[in-house]
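Visitor: I would love a close look at one part of this structure, the metal site, and then at what is built around it. Could you walk me through it?

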Amino acid sequence: MSVRILAIESSCDETAAAVCVDGKILSNEIATQAVHATFGGVVPELASRAHLQHIIPVVELALQKAALSIDTIDAVAYTQSPGLIGSLLVGGQFAKSLALSLKKPLIAVHHMQAHVLANLIEHPTLPFPFLCLTVSGGHTQLVQCDSPTHMTVIGETIDDAAGEAFDKTAKLLGLPYPGGPLIDQLAQNGRADRFTFPEPQIAALDFSFSGLKTSILYFLQNAGKSHAYHPELIASVEEQRAFIEANLPDLCASIQHRIVSILLHKLKKAVALTGIKQIALAGGVAANGGLRKGIQEMAQQYNYTCTIPSMAYCTDNAAMIAITGYYKYLNNQFAGLDLRSTAKATW
Ligand code: KG4
Ligand code: ZN
């Protein structure tokens, strides 16, 4: 008997819906919210309102593309945590109402676990255990995944996430939000060895990006003369702008190189500590060209086996919620209608 899952993702600024039948993604629709661009970041209240506008058309489109009618769905999966609470509530209430009216079970999905399981969409026979470097706008985690329904965070950021490091440094360079994809694009024509930014020394498998951001801030304020705070060196706004303009691709390539090297250094350490050589990448930052290339080179050099989801399954999407919903369905992990959405959630 087939298992048909309708999934809804609304944790941040993307309203998404997908349909998955027996682990195969039949549709994966997304409405991106352009409304935030002018504010330099996601405005929670505007995100909630945009989700309300988009959710019905996006779900209808996902069903239509999958050529399934709503009454043939076996369960409704939705992102229950973590994320912006108003955004989570819109998707959560919609999913609950739908499950209730269809008399079908409800499946609550953790957004970060779904990012990890996005790897199973194109690699359903991926062997367990694997180590996943999960890098998004709000999280940076090293996850040991023992089965689709059992995973453990073995390292994570103690301050900014990798995506935030990209977005915040992009802002320092005068680039619009979200700056990660723009740094990636500009880095393609830059020299990564032109500027050297420091690598933080953080214990065990944890990450830190706030020091890097500060050193980039001082470097730009000093128009490339120092990474440290020297009030006597601080250049005029015009000089800073001119320095950035003259060096933009090299700055982007050098910043990207450092963020990628911090991530891969810890991944290599995690492989050494766990002995697990099956590695995977996940999350929005996994769309980064430098990171994708770097992890593949590392895998080749050290004889690891590596999987990376296609771009559409790295950035926020509902297909990853659907695949997670599918495995939870097989494992009888259903949620009650009284389950609350939570902005922050440990595993
Ligand atoms: O996973 P995601 O789509 O949303 C969250 O759950 O946070 O990740 C969004 C993050 C943003 O910080 C964005 O700048 C970053 O992923 N990102 C990238 C690239 N594409 C998205 N960062 C670097 N290079 C990219 N190509
Ligand atoms: Zn995400």
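Guide: Let's start with His111, which counts as buried because its relative accessible area is 6%, below the 20% cut-off. His115 is buried as well, with a value of 0%. Please keep in mind throughout that this is a predicted model. Both histidines belong to helix 3, residues 111–117, where four residues, or about one turn of the helix, separate them. Together with Asp316 they coordinate the zinc ion (ligand 2): the donor atoms are NE2 of His111, NE2 of His115 and OD of Asp316, at 2.0 to 2.1 Å. Along the chain, the donors of this zinc ion follow the spacing H-x3-H-x200-D.

Now step back along the chain to strand 5, residues 106–110. Five of its five residues are buried, so strand 5 is largely enclosed by the rest of the structure. Leu106, Ala108 and His110 point one way, while Ile107 and Val109 point the other way. That fits a general pattern: in a regular strand the side chains alternate between the two faces of the sheet. Strand 5 pairs with strand 4 in the parallel sense, over five bridges, and within this pairing Val76 stands opposite Leu106.

The sheet that holds these strands is open and has five of them, in the order 3-2-1-4-5, with mixed pairing. Strand 3 and strand 5 are its edges; each has a single partner strand, so one side of each is left without a neighbour in the sheet. On average, neighbouring strands here are turned by 20° against each other, direction ignored. Towards the other edge, strand 2 and strand 3 run antiparallel and are joined by eight bridges, and Cys20 has Ile25 in strand 3 as its bridge partner.

Several helices pack around this sheet. Helix 2 lies across strand 1, strand 4 and strand 5, and it runs at about 155° to strand 4. Helix 10, residues 319–330, also packs on the sheet: it touches strand 1, strand 2, strand 3, strand 4 and strand 5, and its direction makes about 135° with that of strand 1.

Ala95 gives you a residue-level view of helix 2, in which it lies. Its relative accessibility is 0%, so Ala95 counts as buried. Leaving aside neighbours within four places in sequence, Ala95 is in contact with Ile8, Val76, Tyr78 and Leu106. Two of those names should sound familiar, as Val76 and Leu106 are the pair that stand opposite each other. Ala95 and Gln113 are 18 residues apart in sequence, and their C-alpha atoms are 19 Å apart in space.

Helix 1, residues 44–66, is worth a pause too. It has 23 residues and reaches 31 Å from its first C-alpha to its last, close to the 33 Å expected at 1.5 Å a residue. A kink of about 40° lies at His54, shortly before Pro57. The buried residues of helix 1 include Ala47, His51, Ile55, Val58 and Leu63. The buried residues of this helix pack against strand 1, strand 2, strand 3 and helix 2. Just after helix 1 comes Ala67, with a positive phi near 55°.

There is a second sheet to visit. Five strands form this open sheet in the order 8-7-6-9-10, and here again the pairing is mixed. Strand 8 (150–156) and strand 10 (305–307) stand at the edges with a single partner strand each, so one side of each has no neighbour in the sheet. Neighbouring strands are turned by 25° against each other on average, direction ignored. Helix 9, residues 289–302, packs on this sheet and touches strand 6, strand 9 and strand 10, with its direction at about 180° to that of strand 9. Within the sheet, strand 6 (130–135) and strand 7 (140–147) pair in the antiparallel sense over six bridges, and Leu133 stands opposite Leu142 in strand 7.

One last stop is Gln256, found in helix 8, residues 237–274. Gln256 is buried, with a relative accessible area of 8%. Not counting residues up to four places away in sequence, Gln256 touches Phe166, Ile183, Asp184, Ala187, Asn288 and Gly290.

Note on methods: Residues are numbered from 1 along each chain as its sequence is written. Chains are lettered from A and ligands numbered from 1 in the order in which they are written. This is a predicted model: local features need pLDDT of at least 70, side-chain atom pairs count only at pLDDT 80 or more; totals for chains, interfaces and linings use all residues. Side-chain values use heavy atoms; hydrogens and water are left out. Donors are N, O and S atoms within 2.8 Å of the metal (3.2 Å for Na, K and Ca); water is not among the atoms, so sites may look incomplete. Helices (H or I, at least four residues) and strands (E, at least two) are DSSP runs, numbered from the N terminus. Buried means under 20% relative accessible area, exposed over 50%, partly exposed in between (1.4 Å probe, protein chains only). Two strands pair if DSSP finds at least two bridges between them. Axes are lines fitted to C-alpha atoms, for helices over the stretch in contact, and angles run from 0 to 180 degrees between N-to-C directions. Contact means heavy atoms within 4.5 Å. The expected span of a helix is 1.5 Å times one less than its number of residues. The bend at a residue is the angle between axes fitted to the seven residues ending there and the seven starting there.
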